[in-house]
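Biologist: I am new to this structure and would like to go through it with you. Could we begin with a term that will be needed along the way?

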Amino acid sequence: MNPFEYQRVSSTEEAIRHIGAPIGTHGAKFLGGGTNLIDLMKLDVECPSVLVDITRLELTKVEPTANGGLMVGALVRNSNLANDPHVIEKYPLLSQALLSGASPQLRNMATTGGNLLQRTRCYYFTDTAFPACNKRVPGSGCAAIQGFNRIHAILGQTDHGPTSGESCIATNPSDMNVALTALGATIHVQSAHGKRSIPIADFHRLPGSTPQLDTNLKPGELITAVELPVSRFAKNSWYLKVRDRQSYAFALVSVAIGLEMDGNTILSAGMALGGVAHKPWRSLEAEQELAGAPATRQSIEKAADLALEGAKGYEHNVFKIQLAKQSIMRALTLAARGTTAGREA
Amino acid sequence: MPITALNPGQQKASGIASDGAKPAPKQLAMRYDARAKVTGTAKYAGEFRAPTDAVYAFVVQSTIPSGSIASIDQAAATKSSGVLAVITPFNAPKLPPANPQPPARRHITVLQEREIFYNGQPVAVVVARSLPEAIQAASLLRITYRQTAAKLRFRERLGEARPPKFPGREPAAQTRGDLAAAMSKGTVRVEQTYTTPYQHHNPMEPHATLAWWEGGKLNVYDSTQYIAGDCMTIARTLGIPTDNVHLECPYTGGGFGCKGSTWSHVILAAMAAKVVGKPVKLTLERPQMWGPVGGRPTTVQQIKLAATQDGKITGVQHDVIVHTSLMEDFLEPSADQTRMLYASEACATSHKMVDMNLGVATFMRAPGESTGTAALETAMDELALALKMDPVQLRLTNYAEKDPGSDKPWSSKHLRECYEQAGERFGWSKRNPQPASMREGNKLIGWGMATATYPANRSAAQALVRILTNGHAFVGCGSQDLGTGTYTIMAQTAGDTLGIDPRLVEAKLGDSTLPKAPASGGSQSAASICPAISAAAMQAKLKVAQLAINDPESPLHGAIVADISASDGRLFLSSSPGSSDSYADILSRNGGKPVEALGSTEPGEDSTAMSTHSFGAVFAEVAVDAETYMVEVRRIVATYDIGTLINDTTGINQLEGGIVWGVGFALHEESHLDETYGRYVNANLAEYHVPVNADIGKLDVTVLNIPDIKFNPLGARGIGEIGITGTAAAVGNAIFHATGKRIRNFPITLDKLMNA
Ligand SMILES: Cc1cc2nc3c(=O)[nH]c(=O)nc-3n(C[C@H](O)[C@H](O)[C@H](O)COP(=O)(O)OP(=O)(O)OC[C@H]3O[C@@H](n4cnc5c(N)ncnc54)[C@H](O)[C@@H]3O)c2cc1C
Ligand code: SF4
């Protein structure tokens, strides 16, 4: 671990001032729960020269908004968010996704902002002894393409071969992000240049030709809150997480589904996949297909096929294509049956 | 988790002259070290302090799998904050040439060579004031290598397999009977290949060493499973007399085999302490558990079974190929149990190995039987299916009344009762043999079973027992407690033999100055040290009895030894229990000094004239999701024949721990090797999956508790490893029964089920 300076700040303004100060080669980083950042610092993957501890900021509230949505402070801990009465009642999808992640101890530490920005679990990214990883060392290549790639992407990846400086087949590992995408959340950020809001669909990015960038957040920007729109899916939603053990494992594939239903007809749908791409994977085609369709096996299967169009697997992860299809169909079926019914199933 | 132990837990007085079958020991109900563990006062090697402040060492590892070190530029590291020394193969103190004698027949790399045998090999040690400073300086070392082609693709190299260079405990290859003839008699055949992955032990406490020198004497706190062996290896490797090494390890935070040998870091800590002239603390980081401290070899096992229509097995062939390192041969003897588990006309087994650029492999819980039963017991399930026979019935049909491999009688075997008892508790008779015949909504339900087995081992051991003037007692033995319960059974055995409440017995272990005990490995500790403790306690008791007999003031004056028994801290006459005298009174009237005795025992006739094994039957119920193929183990029911259960709490816990590991073996555990770079990619506890609580359903573990007094006077065989055996196959067989899909490559992950 590199030596670093530690700053504890007590206001948003102070936080922004410190993050912007001209500092060492690796710059400054905000410290939330530290469950991802500190691990990566110990591994020499992240080497900030300044840590700006934001955990004393008062961004810890979950409050209904004037237009009927919900405003979640960036420092709300994952366990508090999952158990918040508003979230349980109006956004059970989010609660379910959060509770499927990590362990109780980690969720007690992890913050909303930190979870949004948690980095990939790609093995070649987290072990500096591997020479090739474009995300860690831009231009060095991508060892995962010919390596052990069971947890890697099947959609939206950049693959120009293992030696290309643009290749990256990593996935975003978060469960929360998948639910937030299906729910259509907005991320509020603030920097020395002012405030802005980013729809979650534009927040995380595909690797494109710059896999070192996970998101469209600009240097120096602090996440202050996550806003959820008016709840539409409380009655019919489901988060399905498929993993290698019953708990405490990242998703191989996950599916977040929210449906607005009228009888057996789907009026509208929000759907996102986790564990399959560099960002939570949203398929507008699939959502459109579902809108107005009856909740039958046929329309569900069609939506699943549309969501996975163009999927490409690798030596160890090709199973994800079939798994994702079956998982989408299962999650859609459960969501259509109803949030509570699904839990009893 | 409801747990049942069938132990009468009788409490009887122990007669001095009694021999033969002993009554069940009076148990220490609470673990001896429970309070120390839960209050945090139990100290582990890395938590001790030396007489003067220790400095910290960090092991730097190679990042290539094969070649040699060309140069190490240590300028920046040496100048880095807090650094006291940077030790490399270019400046390390020269050690005497490696001595290949046991127990040191490990090849460890301690900066004496520049060759690189595997990715992760120690190539330097940085010593600094603090651990963060040492780690930081380590990252500043500039190491260049001359890389050569590495052997990393095991499956592609099977053709190069060769016999091991050294014979193991058993010969690597063995044939009994006329295999070809026997095979041709069988009309129903199974011929399949099974594989098991690379695995790495990860006890909660990673390896840790604190070392400091006082002149030519070395003091060490080391997390070990084998105090005496560790001392000897350290001494030989450093070229000093064994008596010059004082080693302590009062608690070992789990071992599972990886702490049974002395690895590089122990020697490097001692070397660093010499170089800087200060105490040095060296603890391994979690990722360093993958490579330099052993692991379970990957195996490919080909099994052929032939049987007649009535289910009688005529021929068995089990051929095993494992990987080994380029430094040293270590054999995972996966076919050993195949030689003894079932009766057959002929049986041929063999083991071969493939050289790989990987760290040395080693013992890992039930080396051989864990991987071997995973394959053999799956093959048995396949045979039962082919025969349309109940899997339990198939095993009963081929029940071995004596050891078919050695042709010797069993010291004691009650496997039949295990099948019966576990089967009944499970409800096996209600099983529909048809695969994929049970369904609950989206879940496919399956029931499977397997046989468990592990040899009963025993070694020479010594122990000291002292009766104190206040009527309490002390027992000392240079053994180890891995969390397994050694303290508990030491206090219990001494107390039981002395007739003193075990709660009044102080137990001490984990110190090289104590009487010597064998390694805590091979499930032998209890079976080895308890007889020694018992013998020592018997002697001590006799000495006090003699004092009483000679003491005119004692109610026991003039009694004959054979008539004297002990209970509740008192000696009394069996013929007239009213005549009694307490240890405390006898000692205070007779010099007021404690009385002690040394006990020394070794395996007797048992090791040669009989075959000594533990057995068990494991039944599993799984629920497999019909679309995602996630597997849930709902319950495991197992009954074991392990001789006397010495202590319910510690014993049943050992069996359960083994079963949990068996579930992990079946479903989760695998070190994934990158076959280009030779590094394990999931070298951390987030990504190296072992079962979590949610993966373990109900456990119902029982033991028959039938003493095996031919094996040792206590009748107890070891229980540390048998739990893992059979379990993986039972779970796999249940998955087959649920889905009709047979996965022969462990672990059985959902992708394999989906593609099958
Ligand atoms: C063993 C293990 C298992 C896990 N399993 C799962 C799982 O199953 N599912 C899952 O979803 N997650 C899992 N996680 C990941 C966990 O959810 C994340 O580590 C956590 O959400 C990160 O939050 P944090 O507050 O600790 O972030 P930190 O580690 O503090 O920060 C992460 C990043 O976010 C930045 N940051 C933090 N807050 C802000 C802010 N307000 N504005 C701008 N930047 C900010 C930091 O600078 C840093 O770059 C697991 C983690 C571990 C260690
Ligand atoms: S997939 Fe991305 S993160 Fe992983 S090695 Fe390739 S470039 Fe690095």
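Modeller: Certainly. A residue is called buried when its relative accessible area is under 20%, exposed when it is over 50%, and partly exposed in between. Please keep in mind that this is a predicted model.

Biologist: Then is B:Lys443 buried, exposed or partly exposed?

Modeller: B:Lys443 has a relative accessibility of 27%, so it counts as partly exposed.

Biologist: Which residue forms a salt bridge with B:Lys443?

Modeller: B:Glu632 does, with the closest N and O atoms 3.6 Å apart. B:Glu632 belongs to strand E27 (residues 631–641) of chain B and B:Lys443 to strand E18 (residues 443–455), so the bridge ties together parts that lie 189 residues apart in sequence. B:Glu632 is partly exposed, at 25%.

Biologist: Which residues make up the network of salt bridges there?

Modeller: The network links B:Glu440, B:Lys443, B:Glu621, B:Glu632, B:Arg634 and B:Arg635.

Biologist: How many salt bridges does the structure hold over all chains?

Modeller: There are 49 over all chains. One of them joins B:Arg296 to B:Glu332, where the closest N and O atoms are 3.4 Å apart. B:Arg296 sits in the loop between strands E13 and E14 of chain B and B:Glu332 in the loop between strands E15 and E16, so this pair connects parts 36 residues apart in sequence.

Biologist: Are those two buried or exposed?

Modeller: B:Arg296 is buried, with 1% relative accessibility, and B:Glu332 is buried as well, with 0%.

Biologist: What about chain A: which residue does A:Lys325 bridge to?

Modeller: A:Lys325 forms a salt bridge with A:Asp305, at 3.2 Å between the closest N and O atoms. A:Lys325 lies in helix H13 and A:Asp305 in helix H12, so the pair ties together parts 20 residues apart in sequence. A:Lys325 is buried at 18%, while A:Asp305 is partly exposed at 37%.

Biologist: A change of topic: where is A:Thr111 found?

Modeller: A:Thr111 is in the loop between helix H6 (104–109) and helix H7 (112–116) of chain A. With 3% relative accessibility, A:Thr111 is buried. A polar atom of its side chain lies 3.0 Å from the backbone nitrogen of A:Gly114. Beyond its sequence neighbours within four places, A:Thr111 contacts several residues, including A:Gly32, A:Ala74 and A:Arg77.

Biologist: Lastly, which residues come nearest to ligand 2?

Modeller: Of the 14 residues around ligand 2, the nearest are A:Cys122, A:Cys133, A:Cys142, A:Cys168 and A:Ile169. By class, the shell has 10 nonpolar, 3 polar and 1 charged residues.

Notes. Residues numbered from 1 in each chain as written. Chains lettered and ligands numbered in written order. Predicted model: local features only at pLDDT ≥ 70, side-chain atom pairs only at ≥ 80, totals over all residues. Heavy atoms only, no water. Helix = DSSP H or I, 4+ residues; strand = E, 2+ residues; numbered from the N terminus. Buried < 20%, exposed > 50% of the residue type's maximum accessible area, 1.4 Å probe, protein only. Polar contact = N/O pair within 3.5 Å; in protein donor to acceptor, adjacent residues only side chain to side chain. Contact = heavy atoms within 4.5 Å. Near = heavy atom within 4 Å. Nonpolar A, V, L, I, M, F, W, Y, C, P; charged D, E, K, R; others polar. Salt bridge = Lys/Arg side-chain N within 4 Å of Asp/Glu carboxyl O.
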